[in-house]
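Please consider the strand pairing and the internal cavities of the model shown below.

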Amino acid sequence: MEANSQLDVELSRAFANEQEKLQEIYDDAQLLLKRTHKDHFDLLVVLGSGLLEAADLIGEIEETLPFFDIPGVKDPAVEGHGHNIFSVNYEGKNILVYTGRSHLYEDLDPYTLCLPVRVAAATGIKAAFLTNAGGCLRDWNLGELMAISDHMNFSGASPFNGPVFTDISGVWDKELLETISPLADRQGVYAMFRGPEYQTVAESKFLQMIGVDNVGMSTILEAMALHQLGVKVSGVSVVSDLSFAEEIASQETVIKAVQSSIPKIVEIVQAIAREL
């Protein structure tokens, strides 16, 4: 595992009074590298709901292991999420692909939720690409990709405990945003609620009024945790339903819309990898 002084300093700051958690992150990272026969990874990709098939298209899958093989990491329980970690090689870059994620509404605490991405950071990644499927508050189309330029956190949770004061105004890296925006359909603000319930009509109108474009139940805590550790963060939200549509889209329609975005997601991952 490559030395990273900023990572070590920031992890020690985040877990100053929780040495067991700090050690778990380092131990898990060492195990992940050992199991994948790597000395580091360059890029982390987290695939959201319905996007599992993208993992097979990014590059050469060199190793596969289940989430539950990494101590403390929960196996994603929600339908549409995968259960494996892939080590992928694309043009000589080591890409760590998480084929799913867990959520706060699965009765998880923020530490457990963010453990997988912190472990990824400890393997040496320089950048992360986070994806999700979200409800859209604009007159957009199902299946469109929104590059995330900023966020609003309404989950009531934070990845930090104690005085881990962190400037999160620049969580979404501007250089990576310039890379991915031409390949996406839109650019906008993503908001996170805890879930599992969806927002009311009044909440949707409020969110639209204050500038939110897509809303979901994931991604933001992961992004903040990675940013604090010096990882460049980027992401997209796939339009999976339209919050103000007269008729609710069928599950079949939603799945089809999300899966239609997979070629663009693969193209974005490869573009980011080439920039590293």
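Two strands are said to pair if DSSP finds at least two bridges between them. With that criterion in hand, the strands of this predicted model can be followed from one to the next.

Strand β5, spanning residues 127-136, serves as the starting point. Its parallel pairing with strand β1 (residues 43-46) extends over four bridges. Within this pairing, valine 46 has leucine 130 of β5 as its bridge partner. Strand β9 (residues 232-242) is also parallel to β5, and ten bridges link these two strands. Here alanine 133 stands opposite valine 238 of β9. The pairing with strand β8 (residues 214-216) is antiparallel and comprises two bridges; in it, cysteine 136 is matched with asparagine 214 of β8.

How much of β5 is buried? Counting as buried a residue under 20% relative accessible area, nine of the ten residues of β5 qualify, so the strand is largely enclosed by the rest of the structure.

The account now turns to the empty space inside the model. Rolling a probe the size of a water molecule over the atoms reveals where such space remains. Three cavities of 30 Å³ or more are found, and the largest cavity holds about 110 Å³. Its lining consists of 15 residues, with Lys74, Arg101, Ser102, Leu113 and Pro116 lying nearest the centre. Helix α3 (residues 110-122) gives the most to this lining, contributing four residues. By character, the lining of the largest cavity comprises nine nonpolar, three polar and three charged residues.

Notes: Residues numbered from 1 in each chain as written. Predicted model: local features only at pLDDT ≥ 70, side-chain atom pairs only at ≥ 80, totals over all residues. Heavy atoms only, no water. 1 Å grid on protein atoms, 1.4 Å probe; cavity = no way out; pocket = protein on both sides within 12 Å on 5 of 7 lines; lining within 4 Å. Points joined across faces, edges and corners; volume = space filled by probe spheres on them. Nonpolar A, V, L, I, M, F, W, Y, C, P; charged D, E, K, R; others polar. Buried < 20%, exposed > 50% of the residue type's maximum accessible area, 1.4 Å probe, protein only.
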